[in-house]
Amino acid sequence: MTSNPSWLLKHFPAGMPALDDFTLEDRPVPVPRPGELLVRTLWLSVDPYMRARLSPAKNYAAGLRIGDLMQGGGVGEVVAAEAPGFKAGDIILADDFAWQPFTTIAAKTATVLDPNDVPVQTLLGPLGMPGLTAYFALLDVGRPKQGETVLISAASGAVGQIAGQIARIKGLDPVAVVGSDAKVEWCKSIGYRTGINHRTAQDLTKAVAAACPNGVDVFMDNTAGPIHDAALLNINLFGRIVVVGTVALADRFDQPDIGPRYLRRILVSRVRIEGFLLDDFEAAYGTAKAQLSEWYKQGSLEIREDVSEGIETAPQAFIRMLKGENFGKQLVKL
Ligand SMILES: NC(=O)c1ccc[n+]([C@@H]2O[C@H](COP(=O)([O-])OP(=O)(O)OC[C@H]3O[C@@H](n4cnc5c(N)ncnc54)[C@H](OP(=O)(O)O)[C@@H]3O)[C@@H](O)[C@H]2O)c1
């Protein structure tokens, strides 16, 4: 327990993050202070929101500073506990894991998991933050009605794969927008009626029209960018657009992200466009977690993970996910 290779932020990325924005440093294994846990990291989650944290620009949460340890969601095993309610051997989930094999976690942010209930890493994906995002963004903000067409971007990713399956379970008509033909096929296999490859479609607006002959009632926008405009041009009367994420803007994060604005279209169709932030739904997490877990245990939720092995691979895993090279929930296994 002497070597602890740890990833630090070297500089703020200009555009798409690159390996050179991060630096690997061998740090001592930290000593937990009162109220902290020393944890051996088992899984790290790399998520699109981290792009926003690598910028001095204002965001809904504080960003990292140069020289800070990289941080994100994770699952690990408690090695030593300086807090009541925890003991060595506990498996915990927290959203402030540093990118290092041994890390300290504030006990108040940690949740003890039952390793015999579900595979623990699913708490970083379908049964955790991304799954909850899919649930609330689609059902509570999208408010779809039986049979409505729901268009979902980044449809095979951590959020999208669960959103599409919830739509199927709820009797909706889910249509995927993804970045490869293999992703289209997989989305169809988990219940999407059809899918569009946004990287090869000649004309995205026409592709959405062809895939959604009855128009789009709900668009779950996980990416922003040109897909947003194509969806808006196919939106139905009283359609709903849930703005969940802007991962398509990862390479121009600090630039204005407003493209063509079809205000006349919004007016004529009385479209509701609403931003989504998972934290706003905290009071209802219990109900949603129970429902997601029930569907998962019944075998109603198919799950696809993309696992990168070893702490050395963490920045690479993060960057490939931002570029759409991941196929399923991107994780790092230590
Ligand atoms: N607001 C919230 O509270 C909240 C919470 C969780 C997640 N989110 C957002 O939800 C979205 C999905 O997150 P996730 O964790 O499920 O990630 P993910 O879908 O597993 O991975 C990101 C995906 O984004 C797509 N993408 C990347 N660049 C793109 C581009 N230029 N154009 C179109 N698509 C592109 C790629 O899929 P393709 O290959 O299919 O294009 C890539 O696989 C993100 O925008 C994230 O920020 C928001």
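This is a short conversation about reading a predicted model of one chain.

Reader: Where do I start? How many helices and strands are in the chain?

Author: Start with the inventory: the chain has 9 helices and 15 strands. Next, look at the overall build. The radius of gyration is 20 Å, close to the 20 Å that the globule rule gives for 334 residues, so the chain is as compact as a globular protein of that length. Along its principal axes, the C-alpha trace spans about 60 × 45 × 35 Å.

Reader: And what share of the residues count as buried?

Author: Of the 334 residues, 45% count as buried. You can also ask who touches whom. Among contacts with a separation of 6 or more, 66% are between residues 24 or more positions apart.

Reader: Which domains does the chain have, and how do I see where they meet?

Author: The assignment gives domain 1 (5–121 + 304–333) and domain 2 (129–279). Notice that domain 1 is written as two stretches of the chain. The domain centres, taken over C-alpha atoms, are 28 Å apart. To see the meeting place, look at contacts: 14 residues of domain 1 are in contact with 16 residues of domain 2. On the domain 1 side, these are 6 nonpolar, 5 polar and 3 charged residues.

Reader: How many residues are in the largest nonpolar core, and which have the most contacts inside it?

Author: That core has 91 residues, and Leu151, Val208, Met220 and Ala231 have the most contacts inside it. H2 gives the largest share, 8 residues. Both domains give residues to this core, so it lies between them.

Reader: Could we zoom in on one of those? What is Met220 in contact with?

Author: Skip its neighbours within four places in sequence, and Met220 is in contact with Ala137, Leu138, Gly142, Val150, Ile152, Ala163, Val242 and Val244.

Reader: Now the ligand. How many residues surround the ligand, and which are the closest?

Author: There are 33 around the ligand, the closest being Gly157, Gly179, Gly245, Ala248 and Gly324. Helix H2 (129–141), helix H3 (158–169) and strand S15 (329–333) each supply at least two residues of that shell. By class, the shell divides into 16 nonpolar, 14 polar and 3 charged residues. Here's the reasoning step: domain 1 and domain 2 both give residues to the shell, so the ligand lies between them.

Reader: What about backbone angles? Which sign of phi do most residues other than glycine have?

Author: Most residues other than glycine have a negative phi. With that in mind, look at Arg143, where phi is near 40°, a positive value. Arg143 sits in the loop between H2 and strand S8 (149–153). Ala224 also has a positive phi, near 65°, and is in the loop between strand S11 (216–221) and helix H6 (226–232).

Reader: Why does Arg143 count as partly exposed?

Author: Count neighbours: 20 or more C-beta atoms within 10 Å make a residue buried, 12 or fewer make it exposed. Arg143 has 14, so it is partly exposed. Ala224, with 19, also counts as partly exposed.

Reader: One more: where is Gln316 found, and what does Gln316 touch?

Author: Gln316 is in helix H9 (residues 314–322). Leaving out residues up to four places away in sequence, Gln316 touches Leu19 and Ser308. Sequence and space can tell separate stories: Gln316 and Ala18 are 298 residues apart in sequence, but 8.3 Å apart in space, C-alpha to C-alpha. Gln316 is partly exposed too, with 16 other C-beta atoms within 10 Å.

Definitions and conventions. Residues numbered from 1 in each chain as written. Predicted model: local features only at pLDDT ≥ 70, side-chain atom pairs only at ≥ 80, totals over all residues. Helix = DSSP H or I, 4+ residues; strand = E, 2+ residues; numbered from the N terminus. Rg over C-alpha atoms; globule rule 2.2 N^0.38 Å. Contact = placed C-beta atoms within 7 Å. Near = placed C-beta within 6 Å. Nonpolar A, V, L, I, M, F, W, Y, C, P; charged D, E, K, R; others polar. Domains from an automatic or database assignment. Core = buried A, V, L, I, M, F, W, Y, C linked by C-beta atoms within 7 Å.
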